[in-house]
Amino acid sequence: MKNKIFITVIVVLAIAAAAVWYFVVFSVKPVPEGALKTSNTTVDEKKQKPASDNIYANLKGDAFDEAYIADMLAHHEGALNMSEQAMAVTAHEEIRTLASNIVQSQSTELIKMRTWQKEWGYKETMSAGHGSHGGAGMDMGGDMVEMQNKLQGLKGEEYDKEFLKQMILHHEQAVEMSQYAATNAKHQEIKDLASAVISAQTKEIEQMKQWQKDWGY
């Protein structure tokens, strides 16, 4: 009797083990070759966008300087238009002061850049930017118009909320354009201008973001 019970237990355990083995082998689907690598690569690519995605990372010497001036002219003209409008309709004195400072500083820089275009034999541009060589691969002039259009018809707090949003994006674009000048620009004047843009506009970005918090935007 004991032997029969023992044999029965062994058989039951063997059947159970076989069932577990079958479930493990046939229920777990194999991972396609390269799938894990692709997934990890996608995440890494999102976290670390290669510098080559920015046109200015690949421009050197005169090519960099000419494109930078053309796009920064369009960029500054956009800032002037937005700032002049803000001075007339803003609900906050802080924004009026910021806009006045932008008009003053960037008007001076506009004059310098137009002079450099002539002195260095670059194509003279107005507000259209460098076309396909825009700061992030976009037409700079069109980008500025789009920003300005988002402010049309707004007043008071609504205007200020949108102004801060657009001007922060605007400044961030200028900083991104300028970060490659130190290594890629030919003329020291461009390097100095880009450094000044990064310094001034980074501070203004921080100030505008603080206003967004303070004013509940």
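In what order do the elements of the protein run from the N terminus on? Colour the chain by secondary structure and follow the chain from that end: the elements run α-α-α-α-α-α-α-α, and the protein accordingly shows 8 helices and 0 strands. Keep in mind throughout the tour that this is a predicted model.

**The whole chain**

With everything still displayed, colour by relative accessibility, and 36% of the 217 residues of the protein count as buried. If you then draw the contacts with a separation of 6 or more, 77% of them are accounted for by residues 24 or more positions apart.

**The nonpolar core**

Next, select the largest nonpolar core, which has 46 residues, and within that selection highlight Tyr56, Phe64, Tyr68, Ile69, Phe163 and Ile190, the members that touch the most other members. At least two residues of this core are supplied by each of α3 (61-89), α4 (93-119), α5 (140-149), α6 (156-178) and α8 (188-214), and the largest share, 11 residues, comes from α3. As background, nonpolar side chains in soluble globular proteins tend to be buried together.

Centre the view on Tyr68 and show the residues around its side chain and backbone. Once the neighbours within four places in sequence are left aside, Tyr68 is in contact with Tyr56, Met177, Ser178, Ile190, Leu193, Ala194 and Val197.

**α3 against α6**

Now hide the rest and keep α3 and α6, whose axes come within 11 Å and cross at roughly 165°. The two helices are therefore roughly antiparallel to each other, an assignment that rests on the cut-off of over 145 degrees, and their crossing is left-handed.

To see where the helices meet, select Phe64, Tyr68, Asp71, Met72, His75, Gly78, Ala79, Met82, Ser83, Gln85, Ala86 and Val89 in α3 together with Gly156, Tyr159, Phe163, Gln166, Met167, His170, Gln173, Ala174, Met177 and Ser178 in α6. Coloured by class, this contact has 12 nonpolar, 9 polar and 1 charged residues.

**Ser83 and Leu98**

Stay on α3 and pick Ser83, which lies in that helix. Is Ser83 buried or exposed? Ser83 counts as buried because its relative accessibility is 0%, below the 20% cut-off. Apart from neighbours within four places in sequence, Ser83 is in contact with Ala99, Ile102, Val103, Phe163 and Met167.

Bring α4 back and select Leu98, which lies in that helix; at 7% relative accessibility, Leu98 also counts as buried. A distance label between the C-alpha atoms of Leu98 and Ser83 should read 8.1 Å, for residues that are 15 apart along the chain. With neighbours within four places in sequence again set aside, Leu98 is in contact with Glu204, Met208 and Trp211.

**α4 against α6**

Keep α4 and α6 on display: they pack at an angle of about 35°, with their axes 12 Å apart, and α4 passes α6 in a left-handed crossing. The residues to select here are Ile95, Ile102 and Gln106 in α4, which meet Asp160, Phe163, Leu164, Met167 and His171 in α6. By class, this contact has 5 nonpolar, 2 polar and 1 charged residues.

**α6 against α8**

Swap α4 for α8, and the view shows α6 and α8 packing at an angle of about 155°, with their axes 9 Å apart. That angle makes α6 roughly antiparallel to α8, and α6 passes α8 in a left-handed crossing. On the α6 side, select Leu164, Lys165, Met167, Ile168, His171, Glu172, Ala174, Val175 and Ser178; on the α8 side, select Ala194, Val197, Ile198, Gln201, Thr202, Glu204, Ile205, Met208, Lys209, Trp211 and Gln212. The contact of α6 with α8 has 11 nonpolar, 5 polar and 4 charged residues.

**Last stop: Lys150**

Finally, restore the full chain and move to the loop between α5 and α6, where Lys150 lies. Which residues does Lys150 touch, not counting those up to four places away in sequence? They are Glu162 and Gln166, and the C-alpha atoms of Lys150 and Glu162, 12 residues apart along the chain, are separated by 7.6 Å. Lys150 counts as partly exposed because its relative accessibility is 41%, a value between the cut-offs of 20% and 50%.

Definitions and conventions
Residues are numbered from 1 along each chain as its sequence is written. This is a predicted model: local features need pLDDT of at least 70, side-chain atom pairs count only at pLDDT 80 or more; totals for chains, interfaces and linings use all residues. Side-chain values use heavy atoms; hydrogens and water are left out. A nonpolar core is a set of buried Ala, Val, Leu, Ile, Met, Phe, Trp, Tyr and Cys residues joined through side-chain atoms within 4.5 Å. Buried means under 20% relative accessible area, exposed over 50%, partly exposed in between (1.4 Å probe, protein chains only). Helices (H or I, at least four residues) and strands (E, at least two) are DSSP runs, numbered from the N terminus. Contact means heavy atoms within 4.5 Å. Axes are lines fitted to C-alpha atoms, for helices over the stretch in contact, and angles run from 0 to 180 degrees between N-to-C directions. Angles under 35 degrees count as roughly parallel, over 145 as roughly antiparallel, 65 to 115 as roughly perpendicular and the rest as oblique. A crossing is left-handed if the near helix is turned anticlockwise from the far one by less than a right angle, and right-handed if clockwise. Ala, Val, Leu, Ile, Met, Phe, Trp, Tyr, Cys and Pro count as nonpolar, Asp, Glu, Lys and Arg as charged, and the others, Gly among them, as polar.
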